Amino acid sequence: MGDGIRVAAPCKINLHLGVFDRRSDGYHPIESIFQMLDFGDVLWIDSLKKRSGIEVHVEGPVPMGSFVPPEQNIVYKAVRLFQMERGDERGWHVRLEKAIPLGAGLGGGSADAAAVLLALNQVAGKPFSDADLEHLSARLGSDVPFFIKGGTAYVTGRGEQISTVSAETPWAVLLVNPGLHSSTPEAFALLDTVRSDTQNSAKPPLGKERLVQILQSHPKNWTFYNDFLEVFLQRGSPEVQRTYQAILSELKDLGAEFVNLSGSGSTCFGVFSDLARAKKALEVLKTHWSFVELCFPLARRPNTVVE
Ligand code: C5P
């Protein structure tokens with residue numbers, strides 16, 4: 001057995017996403033239900049033997065042109081953070097097979113960063129607990145701590161406060177991404193502008209108990225919402241408004257019992273309790289949109305595999 005390790009980096013959707021007024025540090029408090037799905041990236045991590053340094057090699061269906069310089073890549077930053085925290089300059093090679101679309105509200109970069117921390121921690125003999133990793137990972141981005149644990153979670157703070165939810169999730173999810181890149185900071189800024197122009201304040205938080213109660217009801221009765229969706233439908237570019245409206249109504253017409261936008265976009269999703277219907281919808285939607293994926297909720301994140 002070598003010291004190579006393969007680690008899955010599954011994506012998430014936000015079943016619900018409430019955004020509150022901007023804090024003095026520039027972040028917005030949120031209240032969300034995150035759900036990990038069985039679709040995502042895969043990373044292979046190997047030590048560079050006696051060399052130091054960090055090499056990140058990306059491949060897969062997501063175009064290479066859309067990647068930032070290596071040292072700004074969140075995978076690179078995650079390796080660097082682990083090296084610094086461990087005080088161990090051993091070098092690492094990461095091969096990332098990228099399947100999660102970028103700027104898509106599916107937490108692709110955050111999933112990869114968490115996967116790196118989990119894998120390196122495992123190779124190092126688990127010097128950090130999962131709680132340590134959650135804490136550490138928040139430095140890489142607000143969404144990263146969720147991916148350390150995965151499953152279903154009630155998420156607050158700027159996204160880094162995770163409270164696991166144990167709930168039955170007997171439904172399938174159809175992800176539909178139109179190929180638009182949605183910038184998270186720009187989406188938050190648009191939300192601020194719309195709220196200040198309309199003098200509308202944020203809706204009050206619903207609380208974990210209420211959100212879990214909704215989650216446990218049938219998806220056709222879900223009253224979850226995403227504050228970004230409302231903003232995009234009112235004040236997004238004409239292309240964004242048209243596109244989200246088209247996907248969401250198509251999903252509904254094809255039998256989705258609940259539809260929403262994930263994160264700050266651009267992936268829309270439909271929840272189906274009838275798998276046969278979801279499969280039929282998949283076939284139809286594939287002919288219209290660039291990325292369509294049928295997936296299922298994961299109750300916890302998959303283990304890392306040493307090869
Ligand atoms: O934490 P992360 O680096 O992913 O956040 C990127 C940007 O998104 C932040 O700089 C901020 O502008 C915005 N953001 C926010 N409120 C959050 C999370 C992110 O305003 N809860």
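**Exercise 1. Classify glutamine 199 and describe its backbone.**

Glutamine 199 is exposed, because its relative accessible area of 71% is over the 50% cut-off. The model used here is predicted.
- Step 1: locate the residue. Glutamine 199 falls in the loop between α5 (184-198) and α6 (208-215).
- Step 2: check the backbone. Its phi is positive, about 55°, although glutamine 199 is not a glycine.

**Exercise 2. Is lysine 126 buried or exposed, and where does it lie?**

- Step 1: place it. The loop between α2 (108-123) and α3 (130-137) holds lysine 126.
- Step 2: read the accessibility. Lysine 126 has 58% relative accessibility, so it counts as exposed.
- Step 3: read phi. Lysine 126 is not a glycine, yet its phi is positive at about 55°.

**Exercise 3. Assign asparagine 14 and glycine 255 to buried or exposed.**

- Step 1: take asparagine 14. Strand β1 (residues 5-19) contains it.
- Step 2: apply the cut-off. Buried means under 20% relative accessible area. Asparagine 14 has 2% relative accessibility and therefore counts as buried.
- Step 3: look for a partner. The side chains of asparagine 14 and lysine 12 are joined by a polar contact of 2.6 Å.
- Step 4: take glycine 255. It sits in the loop between α8 (238-253) and β8 (258-261). Its relative accessibility is 14%, so glycine 255 counts as buried.
- Step 5: add a distance. From C-alpha to C-alpha, glycine 255 and aspartate 46 are 45 Å apart in space, and 209 residues separate them in sequence.

**Exercise 4. Find the cis peptide bond at serine 266.**

- Step 1: identify the pair. Glycine 265 and serine 266 are joined by a cis peptide bond, with omega about 15°.
- Step 2: locate it. Serine 266 belongs to the loop between β8 and β9 (268-272).

**Exercise 5. Describe the ligand site.**

- Step 1: find the site. The largest pocket holds the ligand.
- Step 2: list the shell. Gly26, Tyr27, His28, Gly141, Ser142, Arg158, Thr184, Pro185 and Phe188 surround the ligand.
- Step 3: sort by class. The shell has three nonpolar, five polar and one charged residues.
- Step 4: go through the polar atom pairs. A side-chain N or O atom of histidine 28 is 2.7 Å from a ligand oxygen. A polar backbone atom of arginine 158 lies 2.9 Å from a ligand nitrogen. For glycine 26, a backbone N or O atom is 3.4 Å from a ligand oxygen.
- Step 5: quantify the cover. On its own the ligand has 440 Å² of accessible area, and the protein covers 69% of that.

Key
Residues numbered from 1 in each chain as written. Predicted model: local features only at pLDDT ≥ 70, side-chain atom pairs only at ≥ 80, totals over all residues. Heavy atoms only, no water. Near = heavy atom within 4 Å. Polar contact = N/O pair within 3.5 Å; in protein donor to acceptor, adjacent residues only side chain to side chain. Areas by Shrake-Rupley, 256 points an atom, 1.4 Å probe, with all protein chains shown as cover. 1 Å grid on protein atoms, 1.4 Å probe; cavity = no way out; pocket = protein on both sides within 12 Å on 5 of 7 lines; lining within 4 Å. Sits in = over half its atoms within 2 Å of the grid points. Nonpolar A, V, L, I, M, F, W, Y, C, P; charged D, E, K, R; others polar. Helix = DSSP H or I, 4+ residues; strand = E, 2+ residues; numbered from the N terminus. Buried < 20%, exposed > 50% of the residue type's maximum accessible area, 1.4 Å probe, protein only.
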